[in-house]
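Here's a quick tour of how some helices sit and pack in this structure. Have a look at it first, then read on.

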Amino acid sequence: MTEPKQKSDSFGPIIGGVGQPVIHDSARKHVAGAAIYIDDMAEPPGTQHLFLVKSPKAHARILSIDVSAALAAPGVNAVLTAADIPGHNDISPIGKGEPALAEGVVEYIGHPVAVVAADSMAQARDAADLVRVEYEELPAILSIEEALAAQSYLLNPMTMIRGDWQDALDQAPHRIKARLDVGGQDHFYLESHIAFAFPGEDRDMLVHSSTQHPTEVQHGVSHVLGVPSHAVTVECRRMGGGFGGKESQPTIIAAIAALVARKTGKPAKLRLNRDDDMIVTGKRHNFLVEYDIGFDGEGRLLAGDFLYAAQGGNVADLTGPVVTRALCHTDNSYYFPAIRARGFACKTHTVSNTAFRGFGGPQGIIGIEAAMDHIARHLGIPPEEVRRRNYYGIGERDHTPYGQRVEDNILEPLTEQLLARAEFEQRKAEVARFNAQNSVLKKGIAMMPLKFGISFNLPSLNQAGALVHVYTDGSIHLNHGGTEMGQGLFLKVAQVVAQTLQVDLDRVKISATRTDKVPNTSATAASTGSDLNGMAAQDAALQIKNRLTLFLAEKHKTDPGKVVFADNKVTVAGTVYDFAEVAKLAWAARISLSAAGFYRTPKIHWDLETMQGRPFFYYAYGAAVCEVVIDTLTGENRCLRTDIIHDVGASLNPAIDKGQIEGAFVQGMGWVTMEELWWDKSGRLRTHAPSTYKIPGSRDVPPDFRVHLLEHAPNKENTIYRSKAVGEPPLMLATAVWLALRDAVANSADVPLSVDLDAPATPERILWAVEDQRRRAGEVA
Ligand code: MTE
Ligand code: LUZ
Ligand code: MOS
């Protein structure tokens, strides 16, 4: 990585332009503790600190709420419930009927019932215990199986069909059926949910929210307060991580903070502690996956019938689009001549699950990867070979189950490169040798490809705006609809503006996302932040550049084509201006130096009913090889080496992109190996702190970790500087760790057999799988 350097006077490339590996704009502030997060903001006198009163029942009717004892407690200024909401108690992102505070019924353990506002957090927390709520318990549905049996759904079941799948299945020479349980995942961002609301004059409200989606927070607050959108301003400078957990969930937190601010007339801050964050807010959906697949003797897919059932929790939230994306990734990189895929959004009395990096894609992909592994072991063909035989073709065998053609397929050359770099064949032989010599430790190795669709599955969300001002000293203010959660979006967009106006990066001021600067934005999600906001910012910068160009051409009585922006200067007819001089001259000539930019993704369309269309502008590709070792006596395991080649098109910032790939992979590894959410029989989450919920630490990172960006691979579609989205896709490459663990389990028995291992592959599950493997091998032998 490079830091913007002092540069010489000679003409050259700008510092910090597109493609340069510039460090994150806040990197130093992050490590020095100088970056300001919402909880670091100075608190005005009178600030109210909030604590939630939460349901102890999974499903119950609220008979009465008595707040009198809590109200009388020291420091307490208000105790509010749904009855105090002046507007509508609804913060749904898509549908209807998702209350900010429980009303009439509670639907999960942790459901916010009331909020206590006090002079300190400790006082609010103590008083929360004094709120008396009477419940009448109702029957609860706590699992996917129970929901399927009761047909308890949040949305109508979805079906995606291509070809005569039933006939093709019946005719197939080989057929296997299996079922896979796929666990959820807590986001575990370092900064938990927080909102700080400031009441203004009239009925105005300014809310600082840790959110990926300021516009949705604005809508939620405006609904709950019963005021127009123009009365609510939402600001977010940065999040301490979001990972999808702050796509829809911040609205609840912000609406409650704003409600208190309105009722008390004082600033109000709601910050969830770690336990409350894990108990009160949604996670990655756990899925039940069933597959029934038909294939030929070479392992080529002929047909598939897939069922994806997601645990949605108490309300729909984003479960519909998550299941849609799972269905759109049933294929991963593989061609299905015929297929049916069904999706179920199950309603359960558990916390509402939500977006999480990959957004259903990981659950879709792990299903087909389990099936690939299954086919390979059934036929005795190497799994990587079965995978490659099923890759989408070029110009043929290129239709996805949802009707989009795979036009930018680079799977085969990418795989070739990876297998060579990873010395795959040689290491596979070494793994076999190791296993022949060791009875307790067993190794496994696996390769998997990845194809991930880029764009929100809902076409209307693929739009963005930006606002650029040039000041007369040549400095530039940049604002756009995207939010910063550590992924480097602000930096990438600033690089785009620097590149477009040909000025050094340090001339561009990165500023907090605000709903009054750029309105009606989409969530920063679906990895589209730089694709969308980069284009919108470029549009704004180009408008200003064009005005400056016309102004100078006229001034010098020459052709606009003769005006050249390069290296902080503008050259026209032999005269060289500093960029700042041009800004000052243009101002004096009364030329506007401010512009609003806009972008919408072309080519995409989607039919919700038939589940056919072109939902994705393009695909991001990648592949990974992982080698693991397991201890067959304890189930303990370790990823020893990982090789990745990932496709980011022409990278906007290779340092940031590499960091995204490494981070996503390790987060994915946590999902498939160690992060286990565990609810007890009453529906209470028992893993709600780092003491019981294990995320990967620095020593879980593969000791030999080789990440490469695919080179010379500009996006074939016209994206911002031909780059590709990177935020989510590499998470799914961690499925290769899980596949390698399955390989190690298979290798723990003398007879080659298919493996039965769910996700996450915790030490217990690996141990059971090894025992199961050896037992079945014994039966066969
Ligand atoms: N990287 C960091 N450091 N922190 C995050 O919260 N979120 C991920 C990914 N990378 C995240 C991250 C998710 S879920 C998405 S959708 C993308 O970043 C969003 O940002 P982008 O569209 O700018 O890539
Ligand atoms: N679709 C999608 C969405 O593919 N990714 C998302 O993050 C998303 N969010 C909301 C609605 N649809
Ligand atoms: Mo990312 S799950 O799309 O916020």
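This is a predicted model, and a good place to start is a pair of helices that meet at a slant. Helix α17 and helix α18 are oblique to each other, because their angle of about 45 degrees falls outside the ranges that count as roughly parallel, antiparallel or perpendicular. Their axes are 8 Å apart. On the α17 side (residues 654–673), the contact is made by Phe665, Met669, Val672 and Thr673, which meet Val737, Trp738 and Leu741 in α18. By class, that contact has six nonpolar residues, one polar and no charged ones.

What about the other partner of α18? Helix α10 (residues 361–379) comes within 11 Å of α18 (residues 735–746), axis to axis, and the two cross at roughly 30 degrees. Angles under 35 degrees count as roughly parallel, so α10 and α18 get that label. The crossing itself is right-handed. Here Ile365, Ile366, Glu369, Ala370, Asp373 and Arg377 in α10 meet Thr735, Trp738, Leu739, Arg742, Asp743 and Ala746 in α18. This contact divides into six nonpolar, one polar and five charged residues. Trp738 turns up in the α17 contact and in the α10 contact too.

Here are the two pairings side by side:

| Helix pair | Angle between axes | Axis distance |
|---|---|---|
| α17 and α18 | about 45 degrees | 8 Å |
| α10 and α18 | roughly 30 degrees | within 11 Å |

Now for two other helices, this time looking at length and burial. How far apart are the end C-alpha atoms of α15? They're 38 Å apart, which agrees with the 39 Å that its 27 residues (529–555) should span at 1.5 Å a residue. Of those 27 residues, 19 are buried, so α15 is largely enclosed by the rest of the structure. After α15 comes Lys557, with a positive phi near 50 degrees.

Helix α6 (residues 214–225) passes the length check as well: its 12 residues should span 16 Å, and its end C-alpha atoms are 16 Å apart. It's mostly covered, with 10 of its 12 residues buried. Among them are Pro214, Glu216, Val217, Val221 and Leu225. So what does the covering? The elements include β10 (205–209), β11 (232–236), α7 (250–264) and β20 (513–514). Just after α6, Gly226 takes a positive phi of about 70 degrees.

Methods: Residues numbered from 1 in each chain as written. Chains lettered and ligands numbered in written order. Predicted model: local features only at pLDDT ≥ 70, side-chain atom pairs only at ≥ 80, totals over all residues. Heavy atoms only, no water. Helix = DSSP H or I, 4+ residues; strand = E, 2+ residues; numbered from the N terminus. Expected span 1.5 Å × (residues − 1). Buried < 20%, exposed > 50% of the residue type's maximum accessible area, 1.4 Å probe, protein only. Contact = heavy atoms within 4.5 Å. Axes fitted to C-alpha atoms, helices over the stretch in contact; angles between N-to-C directions. Parallel < 35°, antiparallel > 145°, perpendicular 65-115°, else oblique. Left-handed = near helix turned anticlockwise from the far one by under 90°. Nonpolar A, V, L, I, M, F, W, Y, C, P; charged D, E, K, R; others polar.
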